[in-house]
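Student: Could you take me through one part of this structure in detail, and then set that part in the context of the chain and the assembly around it?

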Amino acid sequence: MIARAWARHRRDDWRTLLFCYAALAPVLLLFGYVRGWPIIESFVLSFYKWELINPVRPFIGWLNYEMLLEDENFHLALKNTAIYAASTVVMSTLLALPLAVFLARKSRLSAIYQTIYFLPVITPMVPVSIAWKWIYDYNYGILNYGLSLLGLKSVAWLTDPDIALWALVIMGVWKVLGYNMILLLVGIRNIPATYVEAAAIDGAGGWQQFRSVTLPLLRPILLYVVVTSTINAFNVFTQVYVMTLGSQAAPGQAVRVLVFDIYQNAFQYFRMGYASAEAVMLTLMVLGLTLIQFRLARTKAGMDG
Amino acid sequence: MVSNPSPLARALTALIHLVLFLGAAVMVLPILWMAATSFKPPGEVSVWPPRLLPEAPTLDNYRGIFEDAPFGLFFANSLGLSIVATISVCVTSLVAGAVFAKYEFPGRTLLFMAILATAIVPFESYMIPLYLQLITLGWINTYQGILLPTLFMSFGVFLLRQHVSSAIPTELLEAGRVDGASEWWILARVIAPLSAPALSAIGIFAFIQAWAAFIWPLMVANEQSLFNMELGLTAFQFRFSTDYGKLMAGSVLSVLPMLVVFVLLRRRIIESVALTGMKG
């Protein structure tokens, strides 16, 4: 009796295991083929002189990386990407925080504002970039019209190489602000009311409450917001591609960003190995930034007790 | 304290409302401007000073883009690709999420961590090897090639695992087993229906993301017949870069489905972002 029950139990175990692997197999295959393997391959490829049109693809060690370090386009792309990322992240977070504080109180008006501020987040990047290109138009754009109402001179938002990157930053902030706002808003709503009340009883004013209660408790979400928007900003591509296309467009060099440079090396010059080395740098930078941000958050939290 | 705000506090509140209102205006203006321009006849598009609303609204731009380029096809491609991607993401997330949440098997933690940890690597940094794999497969310029990276989301697996392990009691699965149900039946008839909220959240994300897909289709689809809305618009912009009436009409067509989704599911979307963001 016992032996038979045990046997059935074993068989069920074996069946359950089979079920697990059978159910996971398609997902894991897809994952491995679409992500796992290509990630490994991007590292491997970066050590080869791998050109699409040339069947001879020799192993060249670190040469791609050495060339990258002297590549002016890469330097420029790195600089532009860093400026773009730092500016959009700082501006969108600093704007989202007070917005979230003001809209955290539940009301009908708050719901309406949330909807409006969130709208750009769900709109696709290509049409939005084309619309902004039209807004930035030197001759007929509404932005320059707005400036003229204030008595200011027209700005060549996209064609001026000193300004084009900032035009992208403004649009980037517009696009991501709502996302950051929602995350922070929920973070604020999740702070137990007793904490805030306790601070109020202690005589803390609005600003003091914010500094001593809200902000410290919001730190994990603030970190999450900063990390995700930094990663997203480092991968900026679509708006750059659209805004450098056609007439009245931004000059390519002024807004050359990392992914744009990778794309050009790979799909216009067909230097797959070289572009892979650049892609590996992108991966390492994103990972590095994420680690640094987590480390910073931890030490700060430690210092405050 | 609250009942009798000082004049200063009142002025501050008024100022906050003013800023919120102006900010909201800035947020909607680009989309409003896009829509308004799309209804303007050519003579009204490039005028100084610009006017927000068209004086003689016309549908000519919309008619025009369908004559100049196969926008109907682009739209159908976008819709088809996004729907397939959404279904695939929901199914893979549900199956993997449920298995990771409710079953013990060798390699469970390792596999889950692999799926999760690689999510941080930007797609842009491994798209080149993936493209080379696609050449070997012969999938360049095919729908399945465009679809491939959108069929699966780490984040979906993560979300569904969280949901299944916290919201669905294991006793419920045991009850099914006592009744002699197979694991597949339990997955399809017990776990799936109870995962509807998480599935709809991830489905909305998958749809929005697939609809906006750009860099991968740009590499894989070189034939116009495979273009999605985003590629079609970009190519159209290249040819008609100064015809903003038509460009804005095309842009409206690309934004519109997202606006419809947003208006219908506004609360759900915002809640999902909040929920999933919190758990990230």
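Tutor: What follows starts from one helix and works outward.

The model is predicted, and the part I would look at closely is helix α7 of chain A, residues 164-189. A:K175 lies in this helix, and with 21 other C-beta atoms within 10 Å this lysine is buried, because 20 or more such neighbours are needed for that label. Setting aside residues up to four places away in sequence, A:K175 touches A:P120, A:V121 and A:V128. A:L291 stands 116 residues from A:K175 along the chain, and the C-alpha atoms of the two are separated by 25 Å.

The same helix matters for the packing account: the largest nonpolar core has 161 residues, and α7(A) gives the most to this core, with 17 residues. The residues with the most contacts inside the core include A:L168, A:M181 and A:L184, and B:A98 and B:I202 of chain B are also among them. For A:L168, the contacts beyond its neighbours within four places in sequence are with A:Y84, A:Q239, A:V240, A:M243 and A:V255.

Turning to the chain as a whole, chain A has 12 helices and zero strands. Its radius of gyration is 26 Å, well over the 19 Å that the globule rule gives for 305 residues, so chain A is more spread out than a compact globule. Along the principal axes its C-alpha atoms fill a box of roughly 90 × 70 × 40 Å. Buried residues nevertheless make up 41% of the 305 residues in chain A, and of the contacts with a separation of 6 or more, 71% are between residues 24 or more positions apart.

As for confidence, the mean pLDDT of chain A is 88, with 93% of its residues reaching 70 or more. Among the elements of the chain, helix α3 (residues 72-103) has the highest mean pLDDT, 95, and helix α8 (residues 193-201) the lowest, 80.

The partner comes next: 69 residues of chain B are in contact with 70 residues of chain A. On the chain B side, the elements that give two or more residues include α1 (7-38), α4 (71-102) and α11 (196-211), while the largest share, 15 residues, comes from α14(B). That side of chain B divides into 51 nonpolar, 14 polar and four charged residues.

Within chain B, the domain assignment gives domain 1 (7-38) and domain 2 (62-279), and the C-alpha centres of these two domains of chain B lie 33 Å apart. The contact between them takes five residues from domain 1 and seven residues from domain 2, and the domain 1 side of it divides into three nonpolar, two polar and no charged residues.

Some backbone details deserve a careful look as well. A cis peptide bond joins B:W48 and B:P49, with omega about -5 degrees, and B:P49 is placed in the loop between α2 (42-45) and α3 (60-68) of chain B. A:F270, although not a glycine, has a positive phi of about 60 degrees; A:F270 is found in the loop between α11 (258-267) and α12 (272-303) of chain A, and is partly exposed, with 14 other C-beta atoms within 10 Å. In chain B, phi of B:N141 is likewise positive, near 60 degrees, in a residue other than glycine, and B:N141 lies in the loop between α6 and α7 (143-147).

Technical notes:
Residues numbered from 1 in each chain as written. Chains lettered and ligands numbered in written order. Predicted model: local features only at pLDDT ≥ 70, side-chain atom pairs only at ≥ 80, totals over all residues. Contact = placed C-beta atoms within 7 Å. Helix = DSSP H or I, 4+ residues; strand = E, 2+ residues; numbered from the N terminus. Nonpolar A, V, L, I, M, F, W, Y, C, P; charged D, E, K, R; others polar. Buried ≥ 20, exposed ≤ 12 C-beta atoms within 10 Å, placed from the backbone. pLDDT = per-residue confidence, 0-100. Domains from an automatic or database assignment. Rg over C-alpha atoms; globule rule 2.2 N^0.38 Å. Core = buried A, V, L, I, M, F, W, Y, C linked by C-beta atoms within 7 Å.
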